[in-house]
Amino acid sequence: MRPMLESVSRLKVVTEASGAEEALQYLRSRPGIHVAIVDLQIHGAMNGIQLTEQIRSQFPHVIVLILSNQDKEEYIREAKQAGAHSYLWKETPWRKIVSIIEYIVDNPLGGFIRLESEAIPSPPPEKLSPKKRAVLRLMDDGQKATEMAWVLGTSTLTVSEQRKHIWQKFELKKLFQRRNTAIQYKKHHNKPDNNDD
């Protein structure tokens with residue numbers, strides 16, 4: 001997630017913590033941090049809910065988003081009670097996660113945001129393997145094969161083969177080509193003017 005977040009000029013990733021205590025120590029040493037993205041399942045004595053409680057009690061200005069692959073009502077209820085601002089499904093497209101972060105930063109009192117797994121666009125009806133589903137979601141984000149390979153920790157050739165299989169099976173090639181052309185057009189026409197430094 002880090003390189004994806006860092007691709008947004010408004011956001012700056014300052015650190016990654018391997019556990020709850022490390023996260024709390026870093027928050028103590030860096031009072032300027034505004035957002036903490038917490039995994040529900042983390043290593044150590046505390047889980048994500050407990051870490052959220054600690055963050056919100058010790059650093060009430062910090063916005064907490066919980067990421068999880070558990071779409072259970074009890075966890076969502078506990079996250080809200082702990083003071084989290086949002087509970088997000090891990091397979092949420094990263095652009096949507098960024099949009100939610102930006103919205104919450106701008107509207108910290110706007111209430112709890114829950115994005116359920118059912119709210120995420122589903123792949124075509126025929127069943128896909130988890131790897132192909134991940135490739136499909138990255139395709140939907142407009143990423144190139146090299147970027148997808150980096151995110152998924154696999155080779156560009158493997159990603160290209162999986163993408164080709166998805167295109168052939170669901171006849172999506174033209175759709176994604178049009179979508180990517182639109183994304184590239186938008187990027188090109190939204191580039192900042194170098195003379196505005």
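Let's start with Trp150. Is this residue buried or exposed? Trp150 is exposed, with a relative accessible area of 59%. The cut-off for exposed is over 50%, so Trp150 counts as exposed at its 59%. Keep in mind that this is a predicted model.

Where does Trp150 sit? Look in helix 7. Now look at the residues beside it in the sequence. Trp150, Val151 and Leu152 form a nonpolar patch on the surface. Together, the three have about 290 Å² of accessible area.

Now step back to the whole chain. How many helices and strands are there? The protein chain has 9 helices and 4 strands. Follow the sequence from the start, and the pattern reads α-α-β-α-β-α-β-α-β-α-α-α-α. The chain has 197 residues, and buried residues make up 35% of them.

Next, the largest pocket. How much space lies in it? About 1,600 Å³. The lining of this pocket counts 50 residues. Which of them lie nearest the centre? Those are Met1, Arg2, Leu5, Ile37 and Leu67.

What kinds of residue make up the lining? There are 32 nonpolar residues, 6 polar ones and 12 charged ones.

Several elements contribute to this lining. From the early part of the chain, helix 1 (2–6), helix 2 (20–29), strand 1 (35–39) and helix 3 (48–58) each supply at least two residues. Further along, helix 5 (94–106), helix 6 (130–140) and helix 7 (145–152) each do so too. Helix 7 is also where we found Trp150.

Let's pick out one of those central residues. Ile37 is found in strand 1. Its relative accessible area is 34%, so Ile37 is partly exposed. How far is Ile37 from Leu67? Along the chain, 30 residues separate them. In space, their C-alpha atoms are 7.0 Å apart. Both Ile37 and Leu67 are on the list of residues nearest the pocket centre.

Leu5 is on that list as well. Which helix 5 residue shall we pair with Leu5? Take Val98, which lies in helix 5. Val98 and Leu5 are 93 residues apart in sequence. From C-alpha to C-alpha, Val98 and Leu5 are 7.0 Å apart in space. Val98 has 5% relative accessibility, so Val98 counts as buried.

Stay in helix 5 for a moment. Ile104 is there too. Is Ile104 buried or exposed? Ile104 counts as buried, at 1% relative accessibility. Ile104 and Val64 are 40 residues apart along the chain. Their C-alpha atoms are separated by 9.6 Å.

On to a loop. His85 has its place between helix 4 (73–82) and strand 3 (86–89). His85 is a loop residue, and it is buried, with a relative accessible area of 10%. The cut-off for buried is under 20%, so His85 falls in that class at 10%. What about Leu65? His85 and Leu65 are 20 residues apart along the chain, with their C-alpha atoms 5.7 Å apart.

Last topic: charges. How many salt bridges does the structure hold? The count is 1. Which residues form it? Arg28 pairs with Glu21. Their closest N and O atoms are 3.4 Å apart. How accessible are the two partners? Arg28 counts as partly exposed, at 45% relative accessibility. Glu21 counts as partly exposed too, at 40%.

Quick recap. Trp150 is exposed and belongs to a nonpolar surface patch. The largest pocket has 50 lining residues. Helix 5 holds Val98 and Ile104. Arg28 and Glu21 form a salt bridge.

Key:
Residues numbered from 1 in each chain as written. Predicted model: local features only at pLDDT ≥ 70, side-chain atom pairs only at ≥ 80, totals over all residues. Heavy atoms only, no water. 1 Å grid on protein atoms, 1.4 Å probe; cavity = no way out; pocket = protein on both sides within 12 Å on 5 of 7 lines; lining within 4 Å. Points joined across faces, edges and corners; volume = space filled by probe spheres on them. Nonpolar A, V, L, I, M, F, W, Y, C, P; charged D, E, K, R; others polar. Patch = residues over 30% accessible without salt bridge, like charges linked within 9 Å, V, L, I, M, F, W, Y side chains within 5 Å. Areas by Shrake-Rupley, 256 points an atom, 1.4 Å probe, with all protein chains shown as cover. Salt bridge = Lys/Arg side-chain N within 4 Å of Asp/Glu carboxyl O. Buried < 20%, exposed > 50% of the residue type's maximum accessible area, 1.4 Å probe, protein only.
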